[in-house]
Amino acid sequence: MIRHAKISDIPDILHITKACAIHMIEKRIYQWNVDYPSRRHFENDINRKELYILLVEKIIIGTIVLSSLMDEEYKNVKWRSKNDNNLYIHRLAIHPDFQGKGYAQMLMSFAEKYAKEEDYSSIRLDTFSQNKRNQKFYESRGYQRLDDIFFPKQSKDPFHCYELLI
């Protein structure tokens, strides 16, 4: 089941994202760290009604943010669609114990269906340049790789931007 997250879900969400960060760091993927994502990020996401969670047998195993707000870092990207009606995906995470079972696909299908129902022009996101698994995942769903952006607080390496026209 996928539903909007509540403030009371944040400890479970942070447990998932911390486990994902450790899992990535073990694979030398320095995408997330102790500062990102933070409780404040998730509180803001919930206040804007943009954070969703995936539950399996009443246990939160994943999360995704669906936002209509363009981050400052995205402003100079040469997107394929105009910058006025786009859905942005952030902080997609599946607890490592549940990865490889189709749950990220489920959250992405949810996001893509949502984008179509809400009549967005495209879905935009970024993923870490050193996370080849994520790149393959998005490309297999039809997302086109565009420009790179940087988040210096997270890594010296770039993040690749992707877009799917709806």
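A pocket, as the word is used in these legends, is an open set of grid points with protein on both sides within 12 Å along at least five of seven lines. The model shown in every view is a predicted one.

**View 1. The largest pocket and the residues about its centre.** In this predicted model, the largest pocket has a volume of about 1200 Å³. Its lining is made up of 50 residues, and those that lie nearest the centre of the pocket are Gln31, Trp32, His90, Arg91 and Leu92. Sorted by type, the lining residues of the largest pocket comprise 20 nonpolar, 16 polar and 14 charged ones.

**View 2. The elements that line the largest pocket.** At least two lining residues come from each of helix 1, helix 2, strand 3 (59–67), strand 4 (86–94), helix 3, strand 5 and helix 4 (132–140). Among these elements, strand 4 gives the most to the lining, with six residues.

**View 3. The loop between helix 1 and helix 2.** Proline 37 is found in the loop that runs between helix 1 (10–26) and helix 2 (39–47), and the peptide bond leading to proline 37 from tyrosine 36 is cis, with omega near -10°. Arginine 28 is also found in the loop between helix 1 and helix 2, and its phi is near 65°, a positive value in a residue other than glycine. Most residues other than glycine have a negative phi, and most peptide bonds are trans. Arginine 28 counts as exposed because its relative accessibility is 66%, where the cut-off for exposed is over 50%.

**View 4. Helix 3 and its buried residues.** Helix 3 has 15 residues and reaches 21 Å from its first C-alpha to its last, which is close to the 21 Å expected at 1.5 Å a residue. Within helix 3, the residues Tyr103, Leu107, Met108, Ala111, Glu112 and Ala115 are buried. Helix 3 also supplies at least two residues of the lining of the largest pocket.

**View 5. Aspartate 119, just after helix 3.** Aspartate 119 lies in the loop between helix 3 (103–117) and strand 5 (122–128), and just after helix 3 this residue takes a positive phi of about 60°, although aspartate 119 is not a glycine. With a relative accessibility of 60%, aspartate 119 therefore counts as exposed. Both elements that flank the loop, helix 3 and strand 5, each supply at least two residues of the lining of the largest pocket.

Terms used:
Residues are numbered from 1 along each chain as its sequence is written. This is a predicted model: local features need pLDDT of at least 70, side-chain atom pairs count only at pLDDT 80 or more; totals for chains, interfaces and linings use all residues. Side-chain values use heavy atoms; hydrogens and water are left out. Helices (H or I, at least four residues) and strands (E, at least two) are DSSP runs, numbered from the N terminus. Buried means under 20% relative accessible area, exposed over 50%, partly exposed in between (1.4 Å probe, protein chains only). On a 1 Å grid over the protein atoms alone, a cavity is a set of points where a 1.4 Å probe fits but cannot get out, and a pocket is an open set with protein on both sides within 12 Å along at least five of seven lines; lining residues have an atom within 4 Å of a point. Grid points are joined across faces, edges and corners, and a volume is the space filled by probe spheres set on the points. Ala, Val, Leu, Ile, Met, Phe, Trp, Tyr, Cys and Pro count as nonpolar, Asp, Glu, Lys and Arg as charged, and the others, Gly among them, as polar. The expected span of a helix is 1.5 Å times one less than its number of residues.
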